[in-house]
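Open the model in your viewer and set the display to a cartoon with side chains available on demand. The stops below go from the whole chain to single residues.

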Amino acid sequence: MCGRCASQRQPRSAIIESIHVAVWLVIGAAVSWIATLLKPSADRIVFLETMAVGIFGSFAGGEFISALFRGGVRAAPADISMGSLTLAVGTSLVAVLLLWWMRRLVGPLRSGKPKRGR
């Protein structure tokens with residue numbers, strides 16, 4: 001392998017981090033998609049809102065909460081463990097359930113300006 005080609009490769013930690021991001025995206029999207037199948041809505045904004053909250057929950061559980069249980073963030077990225085996968089699924093599910101609960105209390109997100117009564 002030529003020296004120029006070797007210098008253009010990404011370091012191993014950058015590759016692992018990008019794999020982590022892909023895993024959290026897939027987990028959050030899968031949990032959100034299953035949630036929208038269980039409680040369908042005709043509004044596209046509700047679907048997008050559920051997806052965003054599920055992906056956020058997956059990142060929060062998989063990266064941040066699992067890092068707290070590991071004892072803080074390490075300099076080198078850790079491998080994905082069964083515990084971090086479980087936390088990602090659990091926090092994604094909790095985030096979607098909280099979103100459903102908030103929608104019941106407040107109502108769904110609406111696009112556009114509210115109409116003023118005269």
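The tour starts with the whole protein, then moves to a helix pair and three residues.

**Before selecting**

This is a predicted model, in which local features need pLDDT of at least 70 and side-chain atom pairs count only at pLDDT 80 or more, while totals for chains, interfaces and linings use all residues. Residues are numbered from 1 along each chain as its sequence is written, and side-chain values use heavy atoms, with hydrogens and water left out.

**Whole protein**

Colour by secondary structure: the protein has four helices and zero strands, in the order α-α-α-α from the N terminus. Helices (H or I, at least four residues) and strands (E, at least two) are DSSP runs, numbered from the N terminus.

Of the 118 residues, 27% are buried, where buried means under 20% relative accessible area with a 1.4 Å probe, protein chains only. The exposed area is about 8,800 Å², with 67% of it supplied by carbon and sulfur atoms; areas come from the Shrake-Rupley method with a 1.4 Å probe.

Contact means heavy atoms within 4.5 Å. Among contacts with a separation of 6 or more, 80% are between residues 24 or more positions apart.

**Helices α3 and α4**

Select residues 82-106, which form α4, and residues 44-70, which form α3. Their axes lie 7 Å apart and make an angle of about 140 degrees. That makes α3 oblique to α4, oblique being any angle that is not under 35 degrees (roughly parallel), over 145 (roughly antiparallel) or 65 to 115 (roughly perpendicular). Axes are lines fitted to C-alpha atoms, for helices over the stretch in contact, and angles run from 0 to 180 degrees between N-to-C directions.

**S58**

Next, select S58 in helix α3. S58 is buried, with a relative accessible area of 0%. Which residues does S58 touch, not counting those up to four places away in sequence? They are W24, I27, G28, A88, T91 and S92.

**G28**

Move to G28 in helix α2 (residues 12-38). G28 is also buried, at a relative accessible area of 0%. Beyond four places in sequence, G28 touches G54, I55, S58 and S92. Draw a C-alpha distance from G28 to V89: they are 61 residues apart in sequence and 7.2 Å apart in space.

**I55**

Finish at I55 in helix α3. Leaving aside neighbours within four places in sequence, I55 is in contact with L25, G28, A29 and S32. The C-alpha atoms of I55 and T91 are separated by 9.6 Å, with their positions 36 residues apart along the chain.

Definitions and conventions
Buried means under 20% relative accessible area, exposed over 50%, partly exposed in between (1.4 Å probe, protein chains only).
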